Amino acid sequence: MTKIDDLWLYDQAQQAVAKIDNRLKSTPNRARLNKLHSFLTEQQAQAATLTKNIEAKGAALTRLTALCQDLERRLELELSEFSTMEKDEECTAAEMTEARKSMEGLMDQITSARKDITDAITFLEKASADYKETYAKAGKAKKEYDAVRAACEEEKAQAAPEREQAVAAADKLKAGIDPALLKRYTAIRSNYANPIATVENNQCSGCRMSLPTSIVKKVESGTGVVECENCGRILYNKQ
Ligand SMILES: [Zn+2]
């Protein structure tokens, strides 16, 4: 057994652990859990947007109501002034026209403010209904999410003995690896899930690049560690 044979066996053990993890990550329950998670995130964002809109519109409604009340008070005042003017003989026609114009202007502003109030109320009713619906949908989804998550935990618990065994096997092999080689392997593994490639038809099985004959011969000799010049994976001659 060469250093590289030991590493190959260790890598195989590592791949066995990864296979269990991948299997757990791709069960129907996990797929459902991921879907529910995105859905819940979406609903949360929607609820936050609705809350923000409701608050902003609520503040606008308060301002509009105050404005409308102010306009109504002013109109009332002008109306009473106008009736006084009507009785006043010294009041000119031009002054009366001016007063009438001012009241008409106020009435237009009141009409416009009242319309804005109605629109704001309609908006708030719709937004509140949407919020309730979002809240109900999210609540239902959360219940399902909790149940599916429990099922995923159960799957994980069931696979735990098998996984622990695989990890123990890998750890045992790891102890026998040359530390410098292990360091190189770990560094390559941070880039590739399969850091060791075999030589197949003079090609690197990792990146499919053709390898120079000298490299192939070196790998076959089993002396020293050879990396693929293209992808950097450690090359192994599998017999
Ligand atoms: Zn390669």
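**Helix α1, its packing and the nonpolar core**

D21 counts as partly exposed because 13 C-beta neighbours lie inside 10 Å, where 20 or more other C-beta atoms within 10 Å would make a residue buried, 12 or fewer exposed, and a number in between partly exposed, with C-beta atoms placed from the backbone. The model is predicted, so that local features need pLDDT of at least 70 and side-chain atom pairs count only at pLDDT 80 or more, while totals for chains, interfaces and linings use all residues. Residues are numbered from 1 along each chain as its sequence is written.

D21 is found in helix α1, helices being DSSP runs (H or I) of at least four residues and strands (E) of at least two, numbered from the N terminus. The axes of α1 and helix α3 (residues 93-174) come within 9 Å and cross at roughly 170°, the axes being lines fitted to C-alpha atoms, for helices over the stretch in contact, with angles from 0 to 180 degrees between N-to-C directions. The two helices α1 and α3 are therefore roughly antiparallel, a term applied to angles over 145 degrees.

Of the 15 residues in the largest nonpolar core, those touching the most other members are L7, I196, A197, C204, I234, L235 and Y236; such a core is a set of buried Ala, Val, Leu, Ile, Met, Phe, Trp, Tyr and Cys residues joined through C-beta atoms within 7 Å. Two or more residues are given to this core by each of α1 (3-25), α4 (179-189), β1 (196-200) and β3 (234-236). Apart from neighbours within four places in sequence, L7 is in contact (C-beta atoms, placed from the backbone, within 7 Å) with I177, L181, Y185 and I196.

Terms used
Contact = placed C-beta atoms within 7 Å. Parallel < 35°, antiparallel > 145°, perpendicular 65-115°, else oblique.
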